[in-house]
Amino acid sequence: VIVQAAEKGDWTTETMNLRQSSGVIVGENSREILVLTDALICKEATHWKVTFNGKEESDAALKKQDKNRNIAVFSIDKKNVSDATQKRTFGNSNTCKRGQVVIALGYIFGYDDGLSYGVISSKSQEAVFDDSQCQVLSTNISLAEGGTGILVNLNGEVLGLIRSDILKDT
C-alpha cells in the first residue's frame, strides 16, 4: 500500500506537494479499510490517496495520528477496495529469530515498489516513546533516508512497519 499526500485535492504535478509512504492494511469493519503508515505523510497535507498493489486507487481520510510513535491510521471506503486486496496475513514478530530471512517491500529506496531481502540482525533494541516502548527488529537491509515499507517473512506474513528513523530519537 502506498499513501500519497497533497496540500490540495488536485493530484496534478503542478499543484501538489506530494509525499509518499508505505503502509499496511491493519483492520476493517463493515464500512471501511484501515491502513497504518508513517505519520510524516500527515505533515501539511489536507488530502490523501492510497494505491493498493500499484493498481487500485482510493481517496483516504485521516482517522487517527499518534505523534509520539509517529504513526497514522487512514480510512478507505471498503466498496473502493477489491476482496483480493483486503486479504492479509500477519506473522508474529515475537517469534522471529536472529538470522531469519525477511523481505522488505514498499518505498524503501525512495521510489514505489522497492523490494529487498536480508536477515534479522538483532531483536535487542527497543524504541522508547513518551507513553510506551516497543521492540525493534533490526535487519541488514539498506534503506534510503526516509524509507518506509513493510517487513514480511518468507510465508508472506506481515511482521511490521519499516521506518528508517525509528531509533534516531531514542
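Start by selecting E1 (2-6) and strand E2 (residues 19-28). In this predicted model, the two strands pair in the antiparallel sense over 4 bridges. For a marker on that pairing, click on Gln4: its bridge partner in E2 is Gln20.

Keep E1 lit and add E4 (47-52). Here 5 bridges join E1 to E4, and the two run antiparallel. Pick Ala5 this time, and look across to its bridge partner in E4, Trp48.

Is E4 mostly covered or mostly open? Covered: 5 of its 6 residues are buried. Now add strand E5 (residues 56-66), which E4 meets through 5 bridges, again antiparallel. Phe52 and Glu56 in E5 stand opposite each other on this pairing.

Next, bring in the rest of the ring. In what order do the 6 strands close into a barrel? Follow E1-E2-E3-E6-E5-E4, with antiparallel pairing. As you step around, the twist averages 40° from one strand to the next.

Now look at the nonpolar residues. The largest nonpolar core has 17 residues, and you can select Val3, Val35, Ile41, Trp48, Phe52, Phe74 and Ile76 as the members that touch the most others. Strands E1 (2-6), E3 (32-38), E4 (47-52) and E6 (71-77) each give two or more residues to this core. Nonpolar side chains tend to be buried together in soluble globular proteins. Apart from this core lies another one, of 10 residues; Ala104, Ile141, Leu159 and Ile162 are among them.

Go back to Phe74 and show its neighbours. Leaving out residues up to four places away in sequence, Phe74 touches Val3, Ile33, Leu34, Val35, Thr37 and Ile41, among others. The list also includes Cys42, Trp48, Ala60, Ala61, Leu62 and Lys63.

Since Cys42 came up, colour the cysteines. Cys42 counts as buried because its relative accessibility is 9%, under the 20% cut-off. Cys96 is buried too, at 4% relative accessibility. How many disulfides are there? The count comes to 0.

Slide along the chain to Ser82, in the loop between E6 and helix H1 (83-86). Is Ser82 buried or partly exposed? Its relative accessible area is 29%, so Ser82 is partly exposed. Turn Glu56 back on and draw a distance between the C-alpha atoms: Ser82 and Glu56 are 26 residues apart along the chain, and the separation is 8.2 Å.

Finally, zoom out and colour by secondary structure. You should find 1 helix and 11 strands, and the pattern along the sequence reads β-β-β-β-β-β-α-β-β-β-β-β. Buried residues make up 38% of the 170 residues. Switch on the surface and you are looking at about 9500 Å² of exposed area, with carbon and sulfur atoms supplying 47% of it. If your viewer draws contacts, take those between residues at least 6 apart in sequence: 54% of them join residues at least 24 apart.

Key: Residues are numbered from 1 along each chain as its sequence is written. This is a predicted model: local features need pLDDT of at least 70, side-chain atom pairs count only at pLDDT 80 or more; totals for chains, interfaces and linings use all residues. Side-chain values use heavy atoms; hydrogens and water are left out. A disulfide is a pair of cysteine sulfur atoms within 2.5 Å. Buried means under 20% relative accessible area, exposed over 50%, partly exposed in between (1.4 Å probe, protein chains only). A nonpolar core is a set of buried Ala, Val, Leu, Ile, Met, Phe, Trp, Tyr and Cys residues joined through side-chain atoms within 4.5 Å. Contact means heavy atoms within 4.5 Å. Two strands pair if DSSP finds at least two bridges between them. Axes are lines fitted to C-alpha atoms, for helices over the stretch in contact, and angles run from 0 to 180 degrees between N-to-C directions. Accessible areas come from the Shrake-Rupley method with a 1.4 Å probe; for residues, only the protein chains shown count as cover.
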